[in-house]
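Biologist: Please pick one strand of this model and take a close look at it. I would like to hear what it pairs with, what surrounds it, and how the neighbouring parts are arranged.

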Amino acid sequence: VQLVESGGGSVQTGESLRLSCVASGRTFQINIMGWYRQVPGKQRELVADITIGGEIATYADSVKGRFTISRDAAKNTMYLQMNDLKPEDTAVYYCRGRTVIAGTREDYWGQGTQVTVSS
(Lines give C-alpha, C1' and ligand atoms only; values in the text may rest on other atoms or scores of the structure.)
Protein backbone atom coordinates (compact mmCIF):
# COMPACT_ATOMS: atom_id res chain seq x y z
CA VAL A 1 0.00 0.00 0.00
CA GLN A 2 1.30 3.44 -0.94
CA LEU A 3 -0.15 6.69 0.38
CA VAL A 4 0.47 10.18 -0.96
CA GLU A 5 -0.81 13.29 0.78
CA SER A 6 -1.33 16.72 -0.72
CA GLY A 7 -3.12 19.96 0.04
CA GLY A 8 -1.08 21.41 2.86
CA GLY A 9 -0.06 25.02 2.96
CA SER A 10 0.09 28.24 4.92
CA VAL A 11 -3.13 29.99 5.89
CA GLN A 12 -4.42 32.56 8.34
CA THR A 13 -6.51 31.83 11.42
CA GLY A 14 -10.10 31.05 10.48
CA GLU A 15 -9.31 29.93 6.95
CA SER A 16 -9.78 26.47 5.46
CA LEU A 17 -7.72 23.78 3.78
CA ARG A 18 -8.55 20.40 2.32
CA LEU A 19 -6.01 17.61 2.51
CA SER A 20 -6.09 14.64 0.18
CA CYS A 21 -4.56 11.19 0.50
CA VAL A 22 -4.43 8.93 -2.53
CA ALA A 23 -3.95 5.23 -1.88
CA SER A 24 -2.53 2.73 -4.34
CA GLY A 25 -1.45 -0.89 -4.30
CA ARG A 26 -3.42 -3.39 -2.20
CA THR A 27 -6.05 -0.84 -1.25
CA PHE A 28 -8.74 -3.53 -1.02
CA GLN A 29 -7.03 -4.82 2.12
CA ILE A 30 -7.26 -1.52 4.01
CA ASN A 31 -9.69 -1.68 6.94
CA ILE A 32 -9.40 1.83 8.29
CA MET A 33 -7.79 5.07 7.18
CA GLY A 34 -6.95 8.10 9.22
CA TRP A 35 -5.25 11.44 9.52
CA TYR A 36 -2.60 12.07 12.13
CA ARG A 37 -0.53 15.12 12.89
CA GLN A 38 2.78 15.78 14.55
CA VAL A 39 4.68 18.81 15.78
CA PRO A 40 8.38 18.76 16.64
CA GLY A 41 9.06 17.25 20.02
CA LYS A 42 5.62 15.71 20.39
CA GLN A 43 4.10 12.36 19.59
CA ARG A 44 2.05 11.87 16.49
CA GLU A 45 -1.63 12.22 17.39
CA LEU A 46 -4.82 11.02 15.79
CA VAL A 47 -6.89 13.74 14.16
CA ALA A 48 -9.64 11.63 12.59
CA ASP A 49 -10.17 8.20 11.14
CA ILE A 50 -12.79 6.43 9.09
CA THR A 51 -13.64 2.77 8.71
CA ILE A 52 -13.73 1.32 5.22
CA GLY A 53 -17.16 0.11 4.24
CA GLY A 54 -18.95 1.23 7.38
CA GLU A 55 -17.63 4.76 6.88
CA ILE A 56 -17.73 5.41 10.61
CA ALA A 57 -15.71 8.48 11.47
CA THR A 58 -14.12 9.45 14.76
CA TYR A 59 -12.46 12.73 15.65
CA ALA A 60 -10.09 14.14 18.21
CA ASP A 61 -11.92 16.47 20.58
CA SER A 62 -9.74 19.35 19.45
CA VAL A 63 -11.06 19.21 15.88
CA LYS A 64 -14.69 18.17 16.36
CA GLY A 65 -17.03 20.51 14.57
CA ARG A 66 -14.23 22.00 12.48
CA PHE A 67 -12.72 19.07 10.56
CA THR A 68 -14.49 16.52 8.41
CA ILE A 69 -13.00 13.27 7.17
CA SER A 70 -14.42 11.65 4.06
CA ARG A 71 -13.56 9.15 1.40
CA ASP A 72 -14.13 8.68 -2.32
CA ALA A 73 -13.87 4.95 -2.82
CA ALA A 74 -13.89 5.20 -6.61
CA LYS A 75 -10.81 7.41 -6.49
CA ASN A 76 -9.11 5.58 -3.60
CA THR A 77 -8.83 8.98 -1.99
CA MET A 78 -9.42 10.18 1.54
CA TYR A 79 -9.96 13.83 2.43
CA LEU A 80 -9.71 16.02 5.47
CA GLN A 81 -11.68 19.23 5.21
CA MET A 82 -10.29 21.62 7.80
CA ASN A 83 -12.34 24.71 8.58
CA ASP A 84 -11.82 27.50 11.08
CA LEU A 85 -8.14 26.67 11.36
CA LYS A 86 -6.24 27.76 14.44
CA PRO A 87 -2.51 28.25 15.09
CA GLU A 88 -2.54 25.12 17.25
CA ASP A 89 -3.50 23.11 14.16
CA THR A 90 -0.05 23.80 12.76
CA ALA A 91 1.67 20.46 12.21
CA VAL A 92 2.76 17.93 9.65
CA TYR A 93 -0.29 15.90 8.71
CA TYR A 94 0.09 12.25 7.83
CA CYS A 95 -2.25 9.81 6.18
CA ARG A 96 -2.37 6.27 7.59
CA GLY A 97 -3.88 3.11 6.18
CA ARG A 98 -4.24 -0.02 8.29
CA THR A 99 -4.63 -3.57 7.08
CA VAL A 100 -5.52 -6.54 9.25
CA ILE A 101 -4.83 -9.84 7.55
CA ALA A 102 -5.06 -13.14 9.40
CA GLY A 103 -4.85 -11.28 12.66
CA THR A 104 -1.73 -9.35 11.68
CA ARG A 105 -2.04 -5.60 11.73
CA GLU A 106 0.12 -3.42 9.53
CA ASP A 107 0.15 0.35 9.19
CA TYR A 108 1.17 2.31 6.12
CA TRP A 109 2.04 6.00 6.20
CA GLY A 110 2.32 8.79 3.70
CA GLN A 111 5.21 11.21 3.62
CA GLY A 112 3.29 14.00 5.33
CA THR A 113 2.15 17.45 4.32
CA GLN A 114 2.83 20.64 6.26
CA VAL A 115 -0.02 22.80 7.51
CA THR A 116 0.88 26.18 8.96
CA VAL A 117 -1.72 28.47 10.50
CA SER A 118 -0.66 31.96 11.47
CA SER A 119 -2.54 34.38 13.66
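Modeller: Start at one bridge: Thr 99 has Glu 106 as its bridge partner in S10. That bridge leads to the strand I would choose, S9, which pairs with S10 in the antiparallel sense over six bridges. Everything here comes from a predicted model. Strand S9 covers residues 91–101. Eight of its eleven residues are buried, so S9 is largely enclosed by the rest of the structure.

S9 has further partners. With S4 it pairs antiparallel over eight bridges, and in this pairing Gln 38 of S4 (residues 30–38) has Val 92 as its bridge partner in S9. With strand S11, residues 113–118, S9 is joined by three bridges, and these two strands also run antiparallel. Here Tyr 93 stands opposite Thr 113 in S11.

Now the turn at the end of the strand. S9 and S10 form a hairpin with two residues between the strands. Ala 102 lies in that loop. Its phi is positive, about 50°, although the residue is not a glycine. Ala 102 counts as exposed, because its relative accessibility is 81% and the cut-off for exposed is over 50%. A comparable backbone value turns up in another loop: Asn 76 has a phi near 50°, again positive in a residue other than glycine. Asn 76 is placed between strand S7 (67–72) and strand S8 (77–82). With a relative accessible area of 34%, Asn 76 is partly exposed.

Strands S4 and S10, both partners of S9, are also linked through side chains. The structure holds one aromatic pair. It is formed by Tyr 36 and Trp 109, with ring centres 5.0 Å apart and planes at 70°; the pair is edge-to-face because that angle is over 60 degrees. Tyr 36 belongs to S4 and Trp 109 to S10 (residues 104–109), so this contact links distant parts of the chain, 73 residues apart. Tyr 36 is buried, at 14% relative accessible area, whereas Trp 109 is partly exposed, at 35%. Trp 109 has a second kind of neighbour: the charged end of Arg 44 sits over its ring, 4.6 Å from the centre. The charged end of Arg 44 also sits over the ring of Tyr 94, 3.7 Å from the centre of that ring.

Next, the interior. The largest nonpolar core has 27 residues, and those touching the most other members are Trp 35, Leu 80, Met 82 and Tyr 93. S9 is among the strands that each supply at least two residues of this core, along with strand S3 (17–24), S4, S5, S7, S8 and S11. The most comes from S3, with four residues. Leu 80 gives a view of the surroundings: beyond its neighbours within four places in sequence, its contacts include Tyr 93 and Trp 35, and also Leu 17, Leu 19, Val 47, Phe 67 and Ile 69.

On the other side of S9 in sequence is the loop between S8 and S9, where Asp 89 is found. Asp 89 is buried, since its relative accessible area is 1% and buried means under 20%. Its side chain reaches the backbone nitrogen of Lys 86 at 2.8 Å. Not counting residues up to four places away in sequence, Asp 89 touches Arg 37, Arg 66, Phe 67, Asp 84, Val 115 and Val 117.

Another buried aspartate can be set beside it. Asp 49 is found in strand S5, residues 45–51, and is buried at 10% relative accessible area. The side chain of Asp 49 makes a polar contact with the side chain of Thr 58, at 2.4 Å. Leaving aside its neighbours within four places in sequence, Asp 49 is in contact with Ile 32, Met 33, Gly 34, Ile 56, Ala 57, Thr 58 and Ile 69. As for spacing, Asp 49 and Gly 65 are 16 residues apart in sequence and 15 Å apart from C-alpha to C-alpha.

To return to S9: the strand pairs antiparallel with S4 and S10, is joined to S11 by three bridges, and is largely enclosed. It is preceded by the loop that holds Asp 89 and followed by the loop that holds Ala 102.

Terms used: Residues are numbered from 1 along each chain as its sequence is written. This is a predicted model: local features need pLDDT of at least 70, side-chain atom pairs count only at pLDDT 80 or more; totals for chains, interfaces and linings use all residues. Side-chain values use heavy atoms; hydrogens and water are left out. Rings of Phe, Tyr and Trp (its six-membered ring) pair if their centres lie within 6.5 Å; planes under 30 degrees apart count as stacked, over 60 as edge-to-face and the rest as tilted. Buried means under 20% relative accessible area, exposed over 50%, partly exposed in between (1.4 Å probe, protein chains only). A charge sits over a ring if NZ of Lys or CZ of Arg is within 6 Å of the ring centre and within 35 degrees of the ring normal. Contact means heavy atoms within 4.5 Å. A polar contact is a pair of N or O atoms within 3.5 Å; within protein, one must be able to donate a hydrogen and the other to accept it, and residues adjacent in sequence count only if both atoms are side-chain atoms. Two strands pair if DSSP finds at least two bridges between them. A nonpolar core is a set of buried Ala, Val, Leu, Ile, Met, Phe, Trp, Tyr and Cys residues joined through side-chain atoms within 4.5 Å.
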